[in-house]
Amino acid sequence: MTEQPELSDVLRDRREKLDRIREAGIDPFPHEFAEREEIVAVRAAHEGLAPGVETDSRHRVAGRIVARRGHGKAAFLDLRDGSGQIQLHAREDLLGEEAFERLVHLDLGDIVGVEGAALATRRGGELSLAIDRWRLLAKSLRPPPGKFHGLEDVETRYRRRELDLIANETSRRVLALRARTIGEVRRWLDERGFVEVETPVLQPLYGGALARPFVTHHNALDRDFYLRIATELYLKRLVVGGIDRVYELGKDFRNEGVSHKHNPEFTMLEWYEAYADYGKTARDLELLVAEVAERVLGTTTIQRGETAIDLAPPWRRMTLREAIRERAGVDIAERPTREALAAAMGTEPDPAEGWGKLVDGLLSKSVEPELVQPTFVLDYPVELSPFAKAHRSEEGLVERWEAFVGGMEIANSFSELNDPDAQRRRFEQQAAELARGDEEAQPYDEAFVEALEQGMPPTGGVGLGIDRLVMMLTGAQSVREVVLFPAMRF
RNA sequence: GCCCCCGUAGCUCAGUUGGUUAGAGCGGCGGCCUUUUAAGCCGCGCGGCGCGGGUUCGAAUCCCGCCGGGGGUACCA
């Protein structure tokens, strides 16, 4: 034992049982248990078996013992595998005295393989296996979390997710639903001819979003690398290269605070479609989200607290100017300088905050929490969007939208800026923001501008926050509920 | 980063005007019982009260510091 010099009684008991098992010549950690059935298949095979009926249909299953109810020369055990749970009926007359005694003295949490015939109990009619053979497959040396109350301590649930999964059905459900969501998102894109790619996580220069990066160091090259904050710039270089429909689904990293909607590493989908604009991407996003919900949940209606949210398209569309005027009572078009806007908001302008930052603040504080039903907010100030193309008719704005559901941003999109000279000027504006003290401004990326000089078709791009989508589909209030191992202090 | 709340048994929790060896249910251990089942029946606490100081005759309880978590806030997706 390295972790504790003195073992608690609970742990010592299990160690002693392990020793006794070994002394009896039994391998407590054998190598396999072949030709087992999944429990869910056994259940399906005996659907509707009448109470009291004993069949001669034999099954071989394996899993963790999650409960035991002793009964003298008989006992009931609940066995669970990845597919489900089934009751085992252990009887001394079927097993023989020695095998029965060893079985009854197993600990909750031990993993066993068993064989026996299916029956439905007389009283409850519960499907059970009357086992006549069994084998220990792995000894559990630590007690399982409580099965009655489950494991509720959130810290333990996040730090030791394996215990959470053992104890809590809802956690297992969220994990499965997340996996299916990601699968359906991929399928939706694949079916439409999008090509999945992988671009660098370690980048010499970060970009594609307004955020602070993590920095790491490459020893052999003796250079610092940034963990990507977005995949945007590399993906657009692929569009230049002729990949007309491209996507990447993977992790981004942003060096920001953690909250119920922010984990420092999070899963982002970005897709780019050549010859499309931000109107097309909006129609695609609402379609994608609705179809994924339909396939994963069987409905496009989700519940968020007391409110039912309908994800079926079309979603509401409103301009950012309208949204802020409606919710905050300020017309940003009439307050075109940071001093004027700050005055209208009744605040002192922070020296590090430009006009765009103030608008962003109004959006996230006054507008975002109110957007519960799916809504596209359209047409952002150019200051906030260094990679979006100028609006075709509105001066000072770009063709960009953000999608909000349940009071949270889930996606962001624009008609991509493909004029290299305009892109250069945007980088120069960002440099000014950096100089002013905005640590989230963009560093200049010459390789990206040169790629645009090669010629990029008009393109629509989207970023969809997968964690937040899963939060919506599962009803989770915290991103930590949908991320298996959320960032914690250590 | 700041503010508020929380940290008692393997699990879920009682216990604060400071007062005898710190409690319950589940789990565990022992016994009984061949169809129980959100925990069959009977019996037995198995504990450095997050860590370190301090006040006091006496601290789980009061004070200070630290660690960890939750909620809010700032920043952001």
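Let me start with a pair of helices: in this predicted model, the axes of helix H10, residues 320-328, and helix H12, residues 355-367, come within 10 Å and cross at roughly 55°. That angle makes H10 oblique to H12, and H10 passes H12 in a left-handed crossing. On the H10 side the residues that take part are Leu320, Ala323, Ile324, Arg327 and Ala328, and they meet Val359, Leu362, Leu363, Ser366 and Val367 in H12. If we sort this contact by residue class, there are eight nonpolar residues, one polar and one charged.

Two further helix pairs share helix H7, so I will take them together.

Helix H7 covers residues 169-191 and helix H9 covers residues 278-297, and their axes come within 9 Å while crossing at roughly 135°. This again counts as oblique, because the oblique class takes in what is left once angles over 145 are called roughly antiparallel and those from 65 to 115 roughly perpendicular. The crossing of H7 and H9 is right-handed. From H7 the contact involves Leu177, Arg180, Thr181, Glu184, Val185, Arg187, Trp188 and Leu189, which meet Asp284, Leu287, Leu288, Glu291, Val292, Arg295, Val296 and Leu297 in H9. By class, the contact of H7 with H9 has nine nonpolar, one polar and six charged residues.

The second partner of H7 is helix H15, and here the axes come within 10 Å and cross at roughly 125°, which makes H7 oblique to H15. H7 passes H15 in a right-handed crossing. The residues of H7 in this contact are Arg173, Val174, Leu177, Arg178, Thr181, Ile182 and Val185, and they meet Ile466, Asp467, Leu469, Val470, Leu473 and Thr474 in H15. The class count for H7 with H15 is eight nonpolar, two polar and three charged residues.

From the helices I move to the sheets.

An open sheet of eight strands runs in the order E6-E10-E11-E18-E17-E16-E15-E14, and its pairing is mixed. Strand E6, residues 195-196, and strand E14, residues 316-319, stand at the edges with a single partner strand each, so one side of each is left without a neighbour in the sheet. At the E14 edge, E14 pairs with strand E15, residues 375-381, in the parallel sense over four bridges, and within that pairing Arg316 stands opposite Thr375 in E15.

Which helices pack on this sheet? One of them is helix H8, residues 232-240, which touches strand E10 (245-253), strand E11 (265-274), strand E17 (408-415) and strand E18 (459-465), with a direction that makes about 25° with that of E11. The other is H15, residues 466-474, which touches E10, E11, strand E16 (397-405), E17 and E18, and whose direction makes about 55° with that of E18. H15 thus packs on the sheet and also has residues that meet H7.

There is also an open sheet of three strands, in the order E7-E9-E8, with antiparallel pairing. In this case strand E7 (202-203) and strand E8 (215-218) stand at the edges, and since each has a single partner strand, one side of each is left without a neighbour in the sheet. Four bridges join E8 to strand E9, residues 223-227, the two running antiparallel, and the bridge partner of Val215 in E9 is Tyr226.

Now to strand E5, residues 127-138: is this strand mostly covered or mostly uncovered? Nine of the twelve residues of E5 are buried, and the strand is therefore mostly covered, with under 20% relative accessible area being the cut-off for a buried residue. Strand E3, residues 85-91, pairs with E5 in the parallel sense over four bridges, and His89 stands opposite Ala130 in E5. Strand E4, residues 111-120, runs antiparallel to E5 and is joined to E5 by ten bridges, with Val114 standing opposite Trp134 in E5. E4 and E5 form a hairpin with six residues between them, and Gly125 in the turn has a positive phi of about 70°.

I will finish with a single residue, Gly96, which is found in the loop between helix H3 (92-95) and helix H4 (97-104). Gly96 is partly exposed, with a relative accessible area of 28%. The C-alpha atoms of Gly96 and Asp132 are separated by 8.3 Å, although these residues are 36 apart along the chain.

Terms used: Residues numbered from 1 in each chain as written. Chains lettered and ligands numbered in written order. Predicted model: local features only at pLDDT ≥ 70, side-chain atom pairs only at ≥ 80, totals over all residues. Heavy atoms only, no water. Pairing = 2+ DSSP bridges. Contact = heavy atoms within 4.5 Å. Axes fitted to C-alpha atoms, helices over the stretch in contact; angles between N-to-C directions. Buried < 20%, exposed > 50% of the residue type's maximum accessible area, 1.4 Å probe, protein only. Left-handed = near helix turned anticlockwise from the far one by under 90°. Nonpolar A, V, L, I, M, F, W, Y, C, P; charged D, E, K, R; others polar. Parallel < 35°, antiparallel > 145°, perpendicular 65-115°, else oblique.
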